[in-house]
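Trainee: Please pick one part of this model and go through it closely, giving the cut-offs as you use them.
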Amino acid sequence: MNARFLEKFGFFWIFIDKSEKTQKFGVSMSSSTQPKISRDLIEQLVREQVYAAMKQPAPRLAPNKLLVNISARHCHLTQEAVEALFGPGYQLKPMKDLYQHGQYAAKETVTLIGPRSRVISNLRILGPCRNLNQVELAYTDSIALGFDIPVKMSGDIAGTPGGMLMGPHGYFEMKEGIIRAQPHVHMHPDDASYYGVKHLDTMKLKVHGALGMTFDNLVVRVDPSFKLEVHIDTDEGNACGLKPDTFCELIQ
Ligand SMILES: [Zn+2]
């Protein structure tokens with residue numbers, strides 16, 4: 001134990017046994033102390049100390065942690081559509097903030113009526129209002145409704161199927177705008193620089209875990225307002241068995 005490297009950071013310890021051919025490190029949490037700092041910070045401190053102990057430069061780290069989220073079916077509406085569905089002057093009420101800055105799930109939902117009079121009720125509206133009306137469904141939803149919907153990037157709705165929305169005040173007919181969203185990743189320019197990609201490039205998303213799956217056509221969307229986050233739909237999330245702790249990585 002004479003070559004042991006031991007250092008204490010408040011409530012956790014870093015331990016490297018240099019007598020082993022392969023260096024190991026571990027973190028032990030004091031059971032009597034509640035964690036006060038984030039797991040990310042612990043990992044960063046451990047990493048820095050390990051590389052310092054090995055006298056090696058730390059690898060270049062991603063500026064932000066990758067988050068992969070499943071988007072359940074939802075719609076984006078114009079203020080005009082909101083007023084047709086909920087009444088003149090109606091304003092959406094935010095219910096839950098989303099990860100992307102300024103975006104929220106509204107309290108309000110609508111009913112979507114498909115071409116064979118089949119319906120999806122409780123279709124969540126995401127706010128704030130946009131300048132186009134768009135419904136994003138998983139493929140399973142579209143089969144249930146009797147649609148054949150195309151895979152499109154958000155906003156690219158020309159020529160896509162339409163449908164009827166019903167709210168407590170009235171109906172709103174969408175001439176087009178029902179899509180299956182292309183799997184995509186939101187990136188801040190710092191993230192795009194780290195991964196060496198630009199707006200509308202494609203990357204691969206490798207999802208690890210029991211099923212293990214790679215999405216080959218993940219479209220990159222870069223904007224200074226974006227935070228690093230992948231969006232896939234419920235069909236895709238179920239197919240790859242995505243759970244909150246599933247390890248995922250972006251690869252070229
Ligand atoms: Zn998105």
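Mentor: Two strands are taken as paired if DSSP finds at least two bridges between them. The strands are DSSP runs of E with at least two residues, while helices are runs of H or I with at least four, both numbered from the N terminus. The model is predicted, so local features need pLDDT of at least 70 and side-chain atom pairs count only at pLDDT 80 or more, whereas totals for chains, interfaces and linings use all residues. Residues are numbered from 1 along each chain as its sequence is written, and side-chain values use heavy atoms, with hydrogens and water left out.

The part I choose is an open sheet of six strands, in the order β4-β17-β14-β16-β15-β18, with mixed pairing. Its edges are β4 (68-71) and β18 (248-251); each has a single partner strand, so one side of each lacks a neighbour in the sheet. From one strand to the next the twist averages 35°, the angles being taken from 0 to 180 degrees between the N-to-C directions of lines fitted to C-alpha atoms (for helices, over the stretch in contact). At the β4 edge, β4 pairs with β17 (residues 229-233) in the parallel sense, over four bridges. There V68 stands opposite V230 of β17.

The sheet also leads to the zinc ion. Its protein donors are H184 (NE2), H186 (NE2) and H231 (ND1), lying 2.0 Å from it. A donor is an N, O or S atom within 2.8 Å of the metal (3.2 Å for Na, K and Ca), and the site may look incomplete because water is not among the atoms. Along the sequence, the donor residues are spaced H-x1-H-x44-H. H186 belongs to β14 (residues 184-187) and H231 to β17, so this pair ties together parts 45 residues apart in sequence. Both are buried: H186 has a relative accessible area of 7%, and H231 one of 16%. Buried means under 20% relative accessible area, exposed over 50%, and partly exposed in between, with a 1.4 Å probe and protein chains only.

To finish, a word on the rings. The whole structure holds two aromatic pairs, where rings of Phe, Tyr and Trp (its six-membered ring) pair if their centres lie within 6.5 Å, and planes under 30 degrees apart are stacked, over 60 edge-to-face and the rest tilted. F86 and Y90 are stacked, at 5.1 Å centre to centre with 25° between the planes. Y194 and Y195 have centres 4.8 Å apart and planes at 85°, so they are edge-to-face.
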